[in-house]
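Here is a friendly walk through a few local features of one protein model. Keep the structure open beside you as you read.

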Amino acid sequence: MANLILDSSFVKIPTIKFKKLFINGEFLDSVSGKTFETVDPRTEEVITKIAEATKEDVDIAVKAAREAFDFGPWPRMPGAERAKIMMKWAGLIEKNIEELAALDTIDGGKLYSWCKTVDVPESANILRYYAGAADKIHGEVFKTSRNLHLYTLMEPIGVVGHIIPWNVPSVMFFAKVAPSLAAGCTMVLKPAEQTPLSALFYAHLAKEAGIPDGVINVLPGFGSTAGAAISSHMDIDAVSFTGSTETGRRVMQAAAMSNLKPVSLELGGKSPVLVFDDADVDKAVDLALFGILHNKGEICVAFSRVFVQEGIYDEFEKKVVEKAKNWVVGDPFHPKVQQGPQTSKVQFDKILSYIEHGKNEGATLLTGGKKIGNKGYYIEPTIFTNVKDDMLIAQDEIFGPVMVLSKFKTIEEAIKKANNTKYGLAAGIVTKDLDIANTVSRSIRAGIIWINCYFAFDTDCPFGGYKMSGFGRDYGLDALHKYLQVKSVATPIYNSPWL
């Protein structure tokens, strides 16, 4: 059984300052007056009530964003001026790191230490990266075969709708907002209803940094109402969504049935890691375990399927089970805790249901499989073996601390098993053999491949999926370009000495 620490002496509960919708530079109640509760997954207690956006609120926010785009200064100011404001916003984030980190911890059960040292600083870094790109947006001039001067312009796509998930609220906020801001767009963003607190705080800091009213609008609410209104809105020019494949389908359908707005989707995953016989077993165990237990398994790129070559399988299994049993679960504010609570009761119940499916379908439970304690959404690190490829736990994205462990004989078998999924978001390879690394990395159909590492993201490196893990890319200049339109301009040339 995993170790449990519920020492509350390290807890730093911040005062909740922002609970209303942020529209056109102001914090407002929803038109309906509705609110919803946001719950602390450590205690199952209500943190506060948040204004609930519905279609009417989305309409008001889109109108503000449209006004800001069509007539406001943001798309018209030089990129260097946009960059200055974005840099100032990044500085304000860093001044409030502890408070922002605490908000994501109480709202989503994320480790406070991780939020403070990784997620929130990375959010500021994403802003700075795209601020650096804001004055480098340009088209091309073409050498033509006719008497024409032909060139392209890169223009902001317009009003963008962003819908972000609950598992990485800060980083996902800026993965969407920063490139679209740099491009000169205005936007309406819906944070996940489970984790709205940090998004509203970021909106406050945006105003303080000098981002003009109407450019950023933040509307907490539910997918079936606010999310649906954004996806189907006739005056939103593009939608970027990160979340489940099921919801991604609905977003895409709504976009198609409304104004055919372009859509970018970063969806689910069932990512494999392939451990070959030549690997350092201890390092491979650490990598695989972190790959599934990081962020309590609530991560789209989790190494949820672990395939180990038969020559080292028995040693690997013994060591990974031992380490999982010693994994420290508990209050995410405690510095020794490695895994906090699942984000919500719905997710908690879903994970436990999949664990029961695994047992009922005949898989062998090596460790874990139960909730921990009487309060909070804590689940033991869980490892199954003797899993058939067609079992639910081998095919569905569980989004929790559940590892499916299998063995393989040959490289060809490993590649076949890795690709036996409807998803294609990420994959891992653990080997010292460069030929194996090259062959397997080119054979797995996934958007990012990690060789002897995990969670190796960089702001400059595009990230997205194959197959039912979606399309479009976050990060890098690929993300900037999805918020830009290419316009071609032609003008005749008369009496020119050259073409």
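The report below covers a helix pair and then three loop residues.

**A pair of helices**

Please bear in mind that this is a predicted model. Let us begin with helix α9, residues 281-293, and helix α10, residues 310-325, which pack with their axes 9 Å apart and at an angle of about 50°. Angles between 35 and 65 degrees are neither roughly parallel nor roughly perpendicular, and α9 and α10 are therefore oblique to each other. Their crossing is right-handed.

Which residues make the contact between α9 and α10? From α9 come Val281, Asp282, Ala284, Val285, Asp286, Ala288 and Leu289. Helix α10 contributes Ile312, Glu315, Phe316, Lys319, Val320, Lys323 and Ala324. Sorted by type, the residues of this contact are nine nonpolar and five charged, with no polar ones.

**Three loop residues**

Now for the loops, with the relative accessibility of each residue.

| Residue | Loop between | Relative accessibility |
|---|---|---|
| Threonine 15 | β1 (3-5) and β2 (21-23) | 60%, exposed |
| Glutamate 44 | β4 (35-40) and β5 (45-51) | 36%, partly exposed |
| Asparagine 386 | β19 (382-385) and α12 (392-395) | 52%, exposed |

Most residues other than glycine have a negative phi. Glutamate 44, although not a glycine, has a positive phi of about 65°. Asparagine 386 is another non-glycine residue with a positive value, its phi being near 50°.

How far apart in space are threonine 15 and isoleucine 157? Their C-alpha atoms are 38 Å apart, and in sequence the two are separated by 142 residues.

Methods
Residues numbered from 1 in each chain as written. Predicted model: local features only at pLDDT ≥ 70, side-chain atom pairs only at ≥ 80, totals over all residues. Heavy atoms only, no water. Axes fitted to C-alpha atoms, helices over the stretch in contact; angles between N-to-C directions. Helix = DSSP H or I, 4+ residues; strand = E, 2+ residues; numbered from the N terminus. Parallel < 35°, antiparallel > 145°, perpendicular 65-115°, else oblique. Left-handed = near helix turned anticlockwise from the far one by under 90°. Contact = heavy atoms within 4.5 Å. Nonpolar A, V, L, I, M, F, W, Y, C, P; charged D, E, K, R; others polar. Buried < 20%, exposed > 50% of the residue type's maximum accessible area, 1.4 Å probe, protein only.
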